Amino acid sequence: MFMKPALKLSCLIIFLVVGLQNCKRINESDRKRINELKEIGLKAEIVYSSDFLMGKAPKNFYEYAGVTYKPAFNSDPGIPPQCWIETGYGTQNACKYCHTNYLAEIGHGNSCPIAEDQVLYSFPNPNMNHIWWQNILNPQEIENRLAEDGIPLPNIDDVEYVRKDNWLPAFLKAQSNGKSEWFNSNVSDNSFALFPALDPRNLFPFKESDPTNGGKNGYIDLKGFVRNNMGLYTGWRAVSFFPYSIFTPVTGSVSGIYIRLPISFMCQNRIFDELIYSKNLEILEKNIKNQNPEINYVGDASSVKVKKGFYPVGTEFAHPLHYADLNADGETGLIVDGVSGNINIDYEFPGTRSKKVKEIRYMYKWKDIGLDDIKPVENKPANPGYIGNEGQGWVDNGAGWIIAGFIENRWGNLRPQTTEELAQCVGCHSKTGNTIDAVWSFQRKLPGTLGWSDMNYGGYNSSQKTRTLMPDYKQQNSEKGEKGNFFHSVVGADLYGIMPVEMKTELKQFAEEGNIVKLLGLQFSIDEILDDEILKYMAKDERKPRLLARQKLMRYYSSRLAYLEYNKDDDNLYIKGNIFYPTIETMKSNIFGYRKIVLDQSFNLGKDVFGSQSDHVPFTFRSDGTVRDENGRIIPVGNVIYSRPYNKLGIGTTPTGIIAGEYVDKKGNVVKEGSDGAVGLSGTLDMYYNPVLGEKKVEAKDIGFDKLKVGK
C-alpha cells in the first residue's frame, strides 16, 4: 500500500486544483529561461510537479532503471523526510541546519529567511501536510515488491558490492571523445552530456616517487590540485570540508567535493598560472566565507567583479556520494582491500569513501543572479514545475545553477536521475536558509591549506578506527564547537532523532564511568534514557521526561567536551573515531538497507530505511497520543503519523515545540505563558545559526579543563 484511501481522494482533489493552476502552459518567465538555456546549448522543457502528484511515470523509466516506476504522489519532493519527524518536545532541533535567518538578514548569497519553520510544521498545502516518504513509513513494501519481481535480497555480508567501480565506466561513456568542457554536446550517449568532466583516474593519492605511475594515471597533488596522467593541471581542485551530520561515515553516506573555475580564472595572458588560480580560489573562499574579499578577481579574470556571497558564472562543483566502507583509507597498489578485482595499479578513496558511488552530483553556475532574483515570490504556486530535460538528468534550480545527478540503476550502474528525483536536490540547493548561492559545502571548507585536499573524514586509517584527525571548530562568536553544539541541540545525535548505536555505546560508557545518572539527578536508568525502541509505544507522559533526561545527558556530555579526544603527539583535540566512524555491523546494515532501494529503484519514495518491517518505523514518526491528523483526530499512541492539521489556506498549524526558552509565539519571540499562540519548553531554537565554518579550533584550555582529563 502506498497510501490510505482517504489520502487518495485528497490527492485527487489537490491534483485537480494544481492542474487547473498550471494548465500545462509556459509563462513568460519560464519561456525566457528556456530560451536562455538554449543559448548555452541546453534543450530544456518543463516537467510539472502535478505529474509527480498524479503518479505519472517518467519517460522510458523502465529502460534505464531496469524496473517499473513506483508513484510517490508527492507534490513537492524537495522537502526532505527529516522535516516531518517529531522533535521530542523541542529537544531535537536539527531544523536549524536548513532553517535560519542569518544569511538572509546580512544579505550574503541568500534571500530566504525561513527560521520560523523551526517553530511550526507549516507545510504550504494539504498534500504536503501528509508524509509521502513510503520507504520510511512502509519499509516492508520494499521487500514485498522485490519478491514480486523475483529479485532476491542482497547478502548483508556482501560488502564487495561497494568495492566495484561504477564511476569510471560512466565517465568513459560521458567523455569518450576526450573533451573536458562542462557540457559535452558531442557525446554519443546524450543522456550523459552533463556528467562532470572529472576523470576518476586522476584522483590517485599523491606519491612523490612516481605520482603518475609511469603515465598510467593522474593524481591529486599536495595542494589539492587534480592533475592528469601527464602531470598537467585539469582545473579541478579537491575541497575538504567540515560535514554536517547527514554525510558522515556513521550515516553510511560520505562525500568528495571538487571545484573548478572557468579557464580565465586559471590564467595570466592565456597561460595557466598556478599562483593566479590559487589567488582566485582564495578570493572566492574569502567571499563565500564573508571575510572582506577583494573587489575583482585577478589574472585574465581581472575584469570580473567579486559579487558578495555569489560564485562567478562558470563555476563547477562535482560531488561524488559514496557508501561508507571501513576498508577505504586511500591505499594504492595492485592489491588493495577497498577495491574489488583490480588487476592493474588502483587506489581507494580516502575517508571510508567506497570505490562504488551511490551518486555523482554536479552543479554548474550558468547565470549571474543577485539577491532580488532569489527572493521568495508572494502568491506563487509552490513548485509548479521544473525546467530541465527529462532523461538527460538535469534541472535549472531557478537560482542560476544547473543541477545534474546520476544514480545507480538496478544493476549498480549509473543512470541519469529523473526530474522527480532531482527535485530532492533542488529542495536543498534552492530556497534553503543555510546555503550561500545555493551551495552547502564551500563555506564549510576547512581553514587554509588543510581544506585544499581530498575529503578524508579526519584522516581515516583502517588500522586505527577509533581515532580521527578532525578537530571541532568554534562557531563564530561562540565558544561552542560545531559538533558540540549539534549534540547540545539534537538529542538524537542524528537528523532523524534516532540514536546511532555508536553514540548510544559512547554515552552509556560516559554515564557509567562518571556516575552521571546520580550526578545530574536523572530519574531513569541510562538504558531507559537511551533506548529508542521503548519510546515507540509510549504516551507523552512517559516519552517526554525520558527525552528531557536524554537532553540533559547530551548537554552535559557536550559541555565536558567528552566527544573529543586529546592527542598528546600534536597537543590537539579531535572528534572521537568511535562516534564518527561506524561499526562493521552498522556499515553492513547501511549498505544492505540502501541496496534494497537500489534494487527497487524507489529513490522517489525515500533513500533511507530503518528496517524491513512496519514495526521498524522509528519513534520520531510515531504519535505519543497527543498528535492530531488533518481532520483533528487524535492519532493513537504508537501509530505512525501520516498527516497533520492545516488551516483554510492549506498551511500546517502544528507547533514543533522548538522554542528559545520558556514560551514563544509563531515568530519565535519570547512571550508569557498563556499568550495567544504561545508554545512551550525546549530551549533549542536558533533563529540565527551561522553555517560558515569558524577558523578557531575547540581547545580544552578555553574552558579551563586539563587536557588529559577531558571526557573523564
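Where is the place of Gln601? In this predicted model, the place of Gln601 is in the loop between H18 and strand S20 (654-655). The close-ups below begin there and then move on to other parts of the chain.

**Figure 1. Gln601 and Tyr89, two loop residues with positive phi.** Most residues other than glycine have a negative phi. Gln601 is not a glycine, yet its phi is positive, at about 55°. The residue is buried, with a relative accessible area of 0%. A second view shows Tyr89, whose phi is near 65°, again a positive value in a residue other than glycine. Look for Tyr89 in the loop between helix H4 (61-65) and helix H5 (102-106). At 15% relative accessibility, Tyr89 counts as buried.

**Figure 2. Helices H11 and H16 in contact.** Two packed helices are described by the angle between their axes and the distance between the axes. Here the axes of helix H11 (residues 482-489) and helix H16 (residues 540-559) come within 8 Å, crossing at roughly 165°. Angles over 145 degrees count as roughly antiparallel, so that is the description for H11 and H16. Their crossing is left-handed. On the H11 side, Gly484, Asn485, Phe487 and His488 make the contact, and on the H16 side Met554, Arg555, Tyr557 and Ser558 do so. Sorted by type, the residues of this contact are 3 nonpolar, 4 polar and 1 charged.

**Figure 3. A salt bridge between helix H7 and helix H18.** Side chains of opposite charge can pair when their charged atoms come close. In this close-up, Glu143 forms a salt bridge with Lys596, and the closest N and O atoms are 3.0 Å apart. Glu143 belongs to helix H7 (residues 140-148) and Lys596 to helix H18 (residues 584-600), so the pair ties together parts that are 453 residues apart in sequence. Lys596 is buried, with a relative accessible area of 2%.

**Figure 4. Phe592, another residue of helix H18.** With 18% relative accessibility, Phe592 counts as buried. Its contacts, leaving out residues up to four places away in sequence, are Pro154 and Ile156. The view also takes in Asp158: Phe592 and Asp158 are 434 residues apart in sequence, but their C-alpha atoms are 8.5 Å apart in space.

**Figure 5. Further salt bridges, and a network of them.** The structure holds 39 salt bridges, and this figure picks out a few. Arg163 and Glu160 meet through their side chains, with an N to O distance of 3.0 Å. What sets the two partners apart in accessibility is easy to follow: Arg163 is buried, at 7% relative accessible area, whereas Glu160 is partly exposed, at 33%. The side chains of Lys536 and Glu533 also meet in a salt bridge (3.0 Å, N to O). Lys536 is buried, with a relative accessible area of 3%. In the last panel, salt bridges that share partners join Glu285, Lys289, Lys445 and Glu695 into one network.

**Figure 6. Ser240 and the residues around it.** Ser240 sits in the loop between strand S5 (233-239) and strand S6 (253-255). Buried or exposed? At 3% relative accessibility, Ser240 counts as buried. Leaving out residues up to four places away in sequence, Ser240 touches Lys445, Leu446, Leu450, Gly451, Ser453, Asp454, Met455 and Asn456. You may recognise Lys445 from the network in the previous figure, where Lys445 is joined with Glu285, Lys289 and Glu695.

**Figure 7. Asn578 in helix H17.** Helix H17 spans residues 577-580 and includes Asn578. Asn578 is partly exposed, with a relative accessible area of 29%. Which residues does Asn578 touch, not counting residues up to four places away in sequence? They are Lys465, Thr466, Glu502 and Glu506. For a sense of scale, Asn578 and Asn138 are 440 residues apart in sequence, and their C-alpha atoms are 31 Å apart in space.

**Figure 8. Lys697, in the segment after strand S22.** Strand S22 covers residues 679-680, and Lys697 lies in the segment that comes after the strand. At 33% relative accessibility, Lys697 counts as partly exposed. The view pairs Lys697 with Asn572: the two are 125 residues apart in sequence and 8.8 Å apart in space, C-alpha to C-alpha.

Conventions: Residues numbered from 1 in each chain as written. Predicted model: local features only at pLDDT ≥ 70, side-chain atom pairs only at ≥ 80, totals over all residues. Heavy atoms only, no water. Axes fitted to C-alpha atoms, helices over the stretch in contact; angles between N-to-C directions. Helix = DSSP H or I, 4+ residues; strand = E, 2+ residues; numbered from the N terminus. Parallel < 35°, antiparallel > 145°, perpendicular 65-115°, else oblique. Left-handed = near helix turned anticlockwise from the far one by under 90°. Contact = heavy atoms within 4.5 Å. Nonpolar A, V, L, I, M, F, W, Y, C, P; charged D, E, K, R; others polar. Salt bridge = Lys/Arg side-chain N within 4 Å of Asp/Glu carboxyl O. Buried < 20%, exposed > 50% of the residue type's maximum accessible area, 1.4 Å probe, protein only.
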